[in-house]
Amino acid sequence: MTLQIWLKKLWVTMILMEYHNPVLLKESVDGLNIKPDGVYVDVTFGGGGHSAEILSRLSKKGKLFAFDQDEDALDNAMDDPRFTLINENFRFIKRFLRFHGIKKS
Ligand SMILES: C[S@@+](CC[C@H](N)C(=O)[O-])C[C@H]1O[C@@H](n2cnc3c(N)ncnc32)[C@H](O)[C@@H]1O
């Protein structure tokens, strides 16, 4: 492998690490004041860093729905019964949440 290819691989790896480790992760999720049994929606799932943090604060009764219109995001979906990834634009949020039985309280 040439040095140029190796450096390119390193750069891509660093970008991916950043993508999966969002900055101010704990601080931003703290701001949600998560209720363990609550229902939450992450409208820009991406690498799933925020979703993983939200899930870690939910009880068995809690639910997390996530939207991402990019097919690549599906690779990051969490295998967790409390979690549903919706591969659509979040502008359809109402329609999909209704489909999954979630109503505004
Ligand atoms: C910066 S990433 C989100 C990172 C994520 N918060 C994390 O913790 O890894 C932004 C994501 O939002 C998605 N996105 C942007 N606009 C969207 C839309 N209107 N509907 C659904 N997904 C969208 C993109 O496909 C991308 O994967």
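What percentage of the contacts in the chain between residues at least 6 apart in sequence join residues at least 24 apart? I looked this up before anything else, and the answer is 48%. A note to self: this is a predicted model.

**Entry: the overall layout**

I went through the secondary structure and found four helices and three strands. Reading along the sequence, I wrote down the pattern α-α-β-α-β-β-α. Then I checked burial: the chain has 105 residues, and 17% of them count as buried.

**Entry: the strands**

I started with strand E2, residues 63-67. Four of its five residues are buried, so E2 is largely enclosed by the rest of the structure. Next I looked at how E2 pairs with E1: the two run parallel, and four bridges join them. How does the chain get from E1 to E2? It passes through helix H3, residues 49-56, and this β-α-β crossover is right-handed. For one bridge in this pair I noted the partners: Val41 sits across from Phe65 in E2.

E2 also pairs with strand E3, residues 83-86. That pairing is parallel too, over four bridges. Here I found Phe67 opposite Ile86 of E3. I also jotted down a general point about side chains: in a regular strand they alternate between the two faces of the sheet.

**Entry: the nonpolar core**

Which residues make up the largest nonpolar core? I counted along the list and got 12 residues, among them Val29, Tyr40, Phe45, Ile54, Leu55 and Leu58. Leu64, Phe65, Ala66 and Phe67 belong to this core as well, and so do Phe83 and Ile86. H3, E2 and E3 are the elements that give two or more residues to the core. E2 gives the most, with four.

I picked Leu64 for a closer look. Leaving out residues up to four places away in sequence, Leu64 touches Tyr40, Asp42, Ser51, Ile54, Leu55, Leu58, Arg82 and Phe83.

**Entry: Leu58 and Gly38**

Leu58 lies in the loop between H3 and E2. Is Leu58 buried or exposed? I found 20 C-beta neighbours inside 10 Å, and 20 or more is the cut-off, so Leu58 counts as buried. With residues up to four places away in sequence left out, its contacts are Ile34, Pro36, Leu64 and Arg82.

Gly38 is in another loop, the one between helix H2 (25-30) and strand E1 (39-42). Gly38 has 16 C-beta neighbours inside 10 Å, so I put it down as partly exposed. I then took some C-alpha to C-alpha distances. Leu58 and Gly38 are 20 residues apart in sequence but 7.4 Å apart in space. Gly38 and Leu64 are 26 residues apart in sequence, and 8.4 Å apart in space.

**Entry: an odd phi**

Most residues other than glycine have a negative phi. Asn33 caught my eye here, with a positive phi of about 50° although it is not a glycine. Where is Asn33? I located it in the loop between H2 and E1. Asn33 is exposed, because just 8 other C-beta atoms lie within 10 Å.

**Entry: around the ligand**

My last stop was the ligand, with 15 residues around it. Which of them come nearest? They are Thr44, Gly46, Gly47, Gly49 and Asp70. I sorted the shell by class and got five nonpolar, eight polar and two charged residues.

Methods. Residues are numbered from 1 along each chain as its sequence is written. This is a predicted model: local features need pLDDT of at least 70, side-chain atom pairs count only at pLDDT 80 or more; totals for chains, interfaces and linings use all residues. A residue is near a molecule or strand if its C-beta atom, placed from the backbone, lies within 6 Å of it. Ala, Val, Leu, Ile, Met, Phe, Trp, Tyr, Cys and Pro count as nonpolar, Asp, Glu, Lys and Arg as charged, and the others, Gly among them, as polar. Two residues are in contact if their C-beta atoms, placed from the backbone, lie within 7 Å. Two strands pair if DSSP finds at least two bridges between them. A crossover is right-handed if, with the strands pointing away from the viewer, the path from the first strand over the helix to the second runs clockwise. A nonpolar core is a set of buried Ala, Val, Leu, Ile, Met, Phe, Trp, Tyr and Cys residues joined through C-beta atoms within 7 Å.
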